[in-house]
Amino acid sequence: MATHSRQAFIGVGANLGDRWATICGALDAMTGIAGITAVEPSAVYETMPVGVLDQPKYLNLVAGIETVLTPEELLSVLQGLEAAAGRRRTREIRWGPRPLDLDILLFEGEERAGADLTIPHPRMWERAFVLAPLRELLGRIPRFERPVWANVRTQIAELKTSDAGVERWIPLSGKAQS
Ligand code: A4P
Ligand code: MG
């Protein structure tokens, strides 16, 4: 654990089972984890599958957090939450359906290029289901209006990624939507 809190963004995706219940459960659990002090979810988006096309639509959002955990500690926490949601990696195909996927997209002051952890997430820049909610959080939440994220904001704007296949999704219950 570090002594001071840093910000990070987590990509959240689900396309099996009760997608929204699973996501709400994971966000609630994240809030209760020692070392994570704030969890700020974006709006929810229903998105067409990318990679393996023959699978159900996803619900996606991005959660901004503040944490004293290291990136490795955070990854371990997120994999624990995926397992608690019923995810069994050994039975999965890459980019195939899953009850819950939690990816570290960005972590303040950290870059990695390892097999177990790459930061920024290597595929985030080409994925509208990540960029649309991330752009929304960076533009709307005062706590993320910091110089450390200025380059990311500019990069997303310059990419001009199409939002085709990514639609706002309104939950009937659960977490409040802004
Ligand atoms: N890993 C390395 N870097 C990271 C990181 N920054 N965050 C390692 C999290 N994990 C990271 O991941 C495989 C390994 O990546 C982990 O063991 C970890 O050590 P995984 O979650 O087990 O498998 P995965 O998610 O199938 O692989 P991958 O390559 O991360 O897939 P993606 O790129 O996340 O794609 N379509 C829509 N519409 N919405 C989606 O959310 N998601 C995917 C998964 C495909 N298509 C999608 C969506
Ligand atoms: Mg993943």
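User: In strand 4, what is the bridge partner of P41?

Analyst: This is a predicted model. Strand 2 covers residues 36-41 and pairs with strand 4 in the antiparallel sense, over five bridges. P41 belongs to one of these pairings, and its bridge partner in strand 4 is A63.

User: How many bridges join strand 1 to strand 4?

Analyst: These two strands run antiparallel. One pairing sets V12 against L61 of strand 4. The number of bridges that join strand 1 to strand 4 is nine.

User: In strand 4, what is the bridge partner of T47?

Analyst: Look at strand 3, residues 45-47. Strand 3 pairs with strand 4 in the antiparallel sense, over three bridges. For T47, the partner in strand 4 is Y58.

User: How many of the ten residues of strand 4 are buried?

Analyst: Strand 4 is largely enclosed by the rest of the structure. V62 touches residues including I10, V12, S42, L105, V130 and L134. The count of buried residues in strand 4 is nine.

User: Which helix gives the most to the largest nonpolar core?

Analyst: That core has 41 residues. Those with the most contacts inside it include A8, V62 and L134. Helices 1, 2, 3 and 4 each supply at least two residues. With eight residues, the top contributor is helix 3.

User: How far apart are the end C-alpha atoms of helix 3?

Analyst: Helix 3 is mostly covered, with ten of its 13 residues buried. Among them are F129, L131 and R135. At 1.5 Å a residue, the helix should span 18 Å. The model agrees, because its end C-alpha atoms are apart by 18 Å.

Terms used. Residues numbered from 1 in each chain as written. Chains lettered and ligands numbered in written order. Predicted model: local features only at pLDDT ≥ 70, side-chain atom pairs only at ≥ 80, totals over all residues. Core = buried A, V, L, I, M, F, W, Y, C linked by C-beta atoms within 7 Å. Buried ≥ 20, exposed ≤ 12 C-beta atoms within 10 Å, placed from the backbone. Helix = DSSP H or I, 4+ residues; strand = E, 2+ residues; numbered from the N terminus. Contact = placed C-beta atoms within 7 Å. Expected span 1.5 Å × (residues − 1). Pairing = 2+ DSSP bridges. Lists of a residue's contacts leave out its neighbours within four places in sequence.
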